[in-house]
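The exercises below walk through one protein chain step by step, and each task is followed by a worked solution. Please look over the sequence and the model before starting.

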Amino acid sequence: MTTLQSGRPGWPVMAMIAAVLAGAVVVGVGPRLEQRDARAQTLAQATGPKRVRVASVRAGDEAHELTLPASSTPIRQSTLYSKSTGFVRRYLVELGDSVKAGQVLAEIEAPETDEEIRLARARLTEARANVGIHQTTSDRTRTLAGSGAVSRQEADDALALANSADALVATRKADLKRLQALRGYQQIVAPFDGVVTRRLVDSGALVGPAAAGGAPLYELADVSKLRVLVDVPDSHAADVRIGNPAELFSPRDPARTVKGVVTRTSGVLETRTRTLRVEIEVPGDEAVLPGSFVYARLQVPRARPVPTIPASALVVRKEGTLVAKVAEGAVTLVPVKLGRDFGKEIEVLEGVAAGDEVVLQPPDTLESGQAVEVVPTVG
């Protein structure tokens, strides 16, 4: 009776101990199982295909856009001097006036030229009068020489004097025309249609030829068209052709553009800057003032379109710059020659072709021949 009473309370205690031991076993085995699964997964990843994201190499654009600094100048401009030395009698146009070709801009006073013209006319009249006298003498002497009254030598001398008189008349005429031409230069005329951009003298100023140190009178510009000068870098120079379209805009108003076309190129690179001088003609427009700093936007067709890749596809190692191409589930590291850098994209001159798949953000452990599994790119 006593034994049975003492044994009943022992069963709950033993059950509790068993439950605690079972829980301890579960708690201890669970983490080890998770560690084993993680090790198995890591081993599978190390020995199995590498999961990578890829992007296709984009075909290069048939044309590209260049925006370069440029300067605009009038299509024609000239500084006007007086061919004849003298004083400004009066000027007929002012700064900003529009003029036509042949229009008189100023008059030069040169009294000595007028006197020289009068002297040249008097000498011409004298020479013409002497021609008649010498010709009559020559005819008479030739007749006398035929009858033996005078020698043949005297007849020849008289003929020579007559010929000299004719030549002197021609010389006097030429001298008179030269002086009249100089007097014509006393009127300063516009060589082309344009606008007076500077008036540099006042009435009474002494002017003369530029070679003699004379002062200029006017600066004239034809602004119906503008010539825009652009220096194209060596990397793009070979693609620029006469006839390429262009747009001009001023930094003060970028939204307002003027359309033009490439009309000339120098054909050679400037040795100091390695640039090609290009001329663009545009209509004269208030959006682009002559002499202003502007930007030229050129639409340049590419002789050979260059493929581009995402910048994140580059691998830089001691071997150089590489990309990881993916084909048939395996990766190949190939060296590349880079072109222009657009930030998110980079041109590749050599190494890949349009349509190739390249690994994005390739890990440092990636090697040629390694198997890969392409993961779809989100977005």
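**Exercise 1. Find the salt bridge between E219 and R198, and describe where its two partners lie.**

Step 1. The side chains of E219 and R198 meet in a salt bridge, with 3.5 Å from N to O; the term stands for a side-chain nitrogen of Lys or Arg within 4 Å of a carboxyl oxygen of Asp or Glu.

Step 2. This pair links distant parts of the chain, since E219 belongs to strand β10 (residues 218-233) and R198 to strand β8 (residues 194-199), 21 residues apart. Helices (H or I, at least four residues) and strands (E, at least two) are DSSP runs, numbered from the N terminus.

Step 3. E219 is partly exposed at a relative accessible area of 23%, and R198 is partly exposed at 43%, where buried means under 20% relative accessible area, exposed over 50%, and partly exposed in between (1.4 Å probe, protein chains only).

A note on the basis of these values: the model is predicted, so local features need pLDDT of at least 70 and side-chain atom pairs count only at pLDDT 80 or more, while totals for chains, interfaces and linings use all residues. Residues are numbered from 1 along each chain as its sequence is written, and side-chain values use heavy atoms, with hydrogens and water left out.

**Exercise 2. Work out which residue forms a salt bridge with D202, and which with R264.**

Step 1. The partner of D202 is R199, and their closest N and O atoms are 2.8 Å apart. R199 has a relative accessible area of 25% and is partly exposed, as is D202 with 47%.

Step 2. For R264 the partner is E279, with the closest N and O atoms 3.3 Å apart. Because R264 lies in strand β12 (residues 253-270) and E279 in strand β13 (residues 275-283), the pair ties together parts that are 15 residues apart in sequence. R264 is partly exposed, with a relative accessible area of 40%.

Step 3. Salt bridges that share partners also join E65, E247, K259 and R297 into one network, and the count of salt bridges comes to 19.

**Exercise 3. Describe the surroundings of E247, beginning with the strand in which E247 lies.**

Step 1. E247 is found in strand β11, which covers residues 245-250.

Step 2. Its side chain makes a polar contact with the side chain of K259 at 2.8 Å; a polar contact is a pair of N or O atoms within 3.5 Å, where within protein one must be able to donate a hydrogen and the other to accept it, and residues adjacent in sequence count only if both atoms are side-chain atoms.

Step 3. Leaving aside neighbours within four places in sequence, E247 is in contact (heavy atoms within 4.5 Å) with T257, V258, K259, Y295, A296 and R297.

**Exercise 4. In which order do the three strands of the open sheet run, and which are its edge strands?**

Step 1. The order is β15-β20-β19, with antiparallel pairing; two strands pair if DSSP finds at least two bridges between them.

Step 2. The edge strands are β15 (308-310) and β19 (337-341), each of which pairs on one side only.

Step 3. β15 and strand β20 (residues 345-350) pair over three bridges in the antiparallel sense, and the bridge partner of I309 in β20 is I346.

**Exercise 5. How many helices and strands does the protein have, and what percentage of its residues is buried?**

Step 1. The protein has five helices and 22 strands.

Step 2. Of its 379 residues, 30% count as buried.
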